[in-house]
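Let's take a walk through this structure together, one stop at a time. Keep the sequence and the 3D view side by side as you read.

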Amino acid sequence: MMVNSQVVVDQQVQNVLDALKGRTINHVYFVACGGSSAIMYPNKYIMDREAKNISSDVYSSNEFIHRSPRKLGENSLVILCSMSGTTPETVKAAEFARQKGALTVGFTNQETSPLAQESELVVKYQWGAESIAFNTNLGLLYQLTMGVLNVLEGNDKFDKMINSLTNLQAVFEKSAKQYESLAQQFGQDYKDEKVIYTMASGANYGIAYSYAICILMEMQWIHSNAVHSGEYFHGPFEIIDKDVPFIILLGLDETRPLDERALDFSKKYGEKLVVLDAKDLDLTGIDEELKGYIAPLVLNHVLRKYAEQLADARNHPLSKRRYMWKVEY
Ligand SMILES: N[C@@H]1[C@@H](O)[C@H](O)[C@@H](COP(=O)(O)O)O[C@@H]1O
């Protein structure tokens, strides 16, 4: 950690920001798979809202290689993430991006992993029960995204972001307490469901996406799909009924009206609705201007508790897999 004016940014993130100085970057690629990809989505949201000139994209690692964006080159920053650092598609994507001359940054929990070796710069993040919000994958990615905007475009929200992330752990702890009994109730009420949909938009969509594909499908073998609130009325709403469960996230960002519209309709025809509204969270310590960006991190933290309770109630540990890491794929 080092002091940068009045704020203290993570040292590894600072190293990346230093490497950017004097470099022309016109595009940021966020590249990863599964849960590691989902955490890129709110960063793309921040880039879209804040960047004046730099464009950005989120790619699933293998698609990044096969689609091979023509623009990818020495003016690109490629941010990759893999918890294990061994996901072959992501390791190859780092190698591919480097060959094209891009600056590569590998986020991983394993600093000696293949991804760390293939990436020019490495950010090791914490994971698990003992981790501190500031040092998690999302905490460090947010520091980097806002830092990139600050270094390359002079964006003035960087200090506010660092300070808000410094206060995030306390927010996490309060939210976990606040939702403790609701999470337990969720586990009991939904343990026999065969399908649970998730829905969100804007900065929160990635959270709904990872909940559907990682928590419900991967870790609980429950059918699911992440529905974008804006797409709800263009197909998925035909499925809503009294016995069809939906987890609906309401964010604090600019796309909240989309979620509200979807929720209003769902309430008319559905009954099994689990609504997590970021307005109910105690976000003391988070800068007013950044609450919309930070809400997904807190909702994600709360939803993890819901996942743990569901796993307990179903007697199906979150670590249980039948194909992943077990058979050839
Ligand atoms: N839920 C995720 C999966 O979606 C992902 O495929 C896997 C490997 O990911 P990583 O590249 O982050 O190690 O890990 C987790 O289980």
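S82 is a good place to begin: in this predicted model, S82 has a relative accessible area of 2%, and because buried means under 20%, this residue counts as buried. Looking at where it sits, you will find S82 in strand 5, which covers residues 76-82. What does S82 touch once its neighbours within four places in sequence are left aside? Its contacts are S36, T87, T90, F107, T108, N109, L115 and Y125. There is also a link to the backbone, since a polar atom of the S82 side chain lies 2.9 Å from the backbone nitrogen of G85.

The side chain of S82 also brings us to the ligand. An N or O atom in that side chain is 2.6 Å from an oxygen atom of the ligand. S36, which we just met as a contact of S82, likewise has a side-chain N or O atom 2.6 Å from a ligand oxygen. T87, another contact of S82, places a polar side-chain atom 2.4 Å from an oxygen atom of the ligand. How much of the ligand's accessible area does the protein cover? On its own the ligand has 390 Å² of accessible area, and the protein covers 83% of that. Two elements give two or more residues to the shell around the ligand, namely helix 2 (34-38) and helix 11 (205-219).

Now step back and take in the whole shell. The ligand is surrounded by 13 residues, and the closest are S36, S82, S84, T87 and E218. By character, the shell is made up of five nonpolar, six polar and two charged residues.

Just along the chain from helix 11, take a look at W221, which lies in the loop between helix 11 and strand 9 (226-228). W221 is not a glycine, yet its phi is positive, at about 55 degrees. Is this residue buried or exposed? Its relative accessible area is 35%, so W221 is partly exposed. S68 offers another example of a positive phi in a residue other than glycine, with a value near 45 degrees. You can find S68 in the loop between helix 4 (61-67) and strand 5, and at 27% relative accessibility it counts as partly exposed.

Next, let's turn to the helices. Helix 7 runs over residues 137-153, and at 1.5 Å a residue its 17 residues should span 24 Å. Its end C-alpha atoms are indeed 24 Å apart, so the expected and modelled spans agree. Why can helix 7 be called largely enclosed by the rest of the structure? Because 14 of its 17 residues are buried. After helix 7 comes G154, with a positive phi near 70 degrees.

Helix 13 can be checked in the same manner. Its 24 residues, 291-314, should span 34 Å at 1.5 Å a residue, and the 34 Å between its end C-alpha atoms agrees with this. Following helix 13 is N315, whose phi is positive and near 55 degrees.

Our last stop is A183, in helix 10 (residues 180-190). With 1% relative accessibility, A183 counts as buried. Which residues does A183 touch, not counting those up to four places away in sequence? They are K305, Y306 and Q309. L303 is 120 residues from A183 along the chain, but the C-alpha atoms of the two are separated by 8.1 Å.

How values were computed:
Residues are numbered from 1 along each chain as its sequence is written. This is a predicted model: local features need pLDDT of at least 70, side-chain atom pairs count only at pLDDT 80 or more; totals for chains, interfaces and linings use all residues. Side-chain values use heavy atoms; hydrogens and water are left out. A residue is near a molecule or strand if one of its heavy atoms lies within 4 Å of it. A polar contact is a pair of N or O atoms within 3.5 Å; within protein, one must be able to donate a hydrogen and the other to accept it, and residues adjacent in sequence count only if both atoms are side-chain atoms. Accessible areas come from the Shrake-Rupley method with a 1.4 Å probe; for residues, only the protein chains shown count as cover. Helices (H or I, at least four residues) and strands (E, at least two) are DSSP runs, numbered from the N terminus. Ala, Val, Leu, Ile, Met, Phe, Trp, Tyr, Cys and Pro count as nonpolar, Asp, Glu, Lys and Arg as charged, and the others, Gly among them, as polar. Buried means under 20% relative accessible area, exposed over 50%, partly exposed in between (1.4 Å probe, protein chains only). Contact means heavy atoms within 4.5 Å. The expected span of a helix is 1.5 Å times one less than its number of residues.
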